[in-house]
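Please open the model in the viewer and display it as a cartoon. The tour below proceeds from the whole chain to individual peptide bonds.

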Amino acid sequence: MKHWKKILFWGLAISLGLVISLAPMPVKATSSNQKLFKIQASRFAFSPAVLAVNPGDQVTIELVSQDVVHGLSIDGYDLHLVADPGQTASMTFTAGQAGSYTLRCSETCGAMHPFMVGKLQVGGNDLLWRAAGLALLAVIAGVWWKRV
Ligand SMILES: [Cu+2]
């Protein structure tokens, strides 16, 4: 391969890689939405168990207990809800940094209580897309490298 072609190749590959890694995601940056989740709690599961929000969202959780007393706390958040049987308890909070946070039942509700968990998924798809983009770029660059 000629010298200038190598320079062009690496220049393009590196700048594309930087764009994929660092480009801001304009869609999510400004959106702050209200999200309402009605979660049914029963031995030994939350339904729904996965809550997907974006950073900055105002999140309201209504916890409904269908059998015994259940609670809800979220790792990394100073929050605590307790719902008596047949009752609804609610709380509102602002979603923080992107990441995956475990929801836990905070009231001992029976034998499988430690496994009564769920997930608060805050944004976080960005990283996945960027990783996929970089992988794709590596494949394309590899093919191109062999052809030129
Ligand atoms: Cu429970």
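Begin with the full protein chain, whose elements follow the order α-α-β-β-β-β-β-β-β-β-β-α along the sequence; helices (H or I, at least four residues) and strands (E, at least two) are DSSP runs numbered from the N terminus. With a radius of gyration of 23 Å over C-alpha atoms, well over the 15 Å that the globule rule (2.2 Å times the number of residues to the power 0.38) gives for 148 residues, the chain is more spread out than a compact globule.

The model is predicted: local features need pLDDT of at least 70, side-chain atom pairs count only at pLDDT 80 or more, and totals for chains, interfaces and linings use all residues. Residue numbers start from 1 along each chain as its sequence is written.

Next, align the view with the principal axes: the C-alpha atoms fill a box of roughly 75 × 35 × 20 Å.

Now select 3-26 together with 128-147 as domain 1, and colour 31-123 separately as domain 2; these bounds come from an automatic or database domain assignment. The C-alpha centres of domain 1 and domain 2 are 40 Å apart.

Colouring by burial comes next: 16% of the 148 residues count as buried (20 or more other C-beta atoms within 10 Å of the residue's own, with C-beta atoms placed from the backbone).

Finally, zoom in on the loop between strand E1 (34-42) and strand E2 (45-47), where Phe-44 lies. The peptide bond joining Arg-43 and Phe-44 is cis, with omega about -5 degrees. Move on to Pro-48, in the loop between E2 and strand E3 (50-53). Here the bond from Ser-47 to Pro-48 is cis, and its omega is near 0 degrees.

Note on methods: Buried ≥ 20, exposed ≤ 12 C-beta atoms within 10 Å, placed from the backbone.
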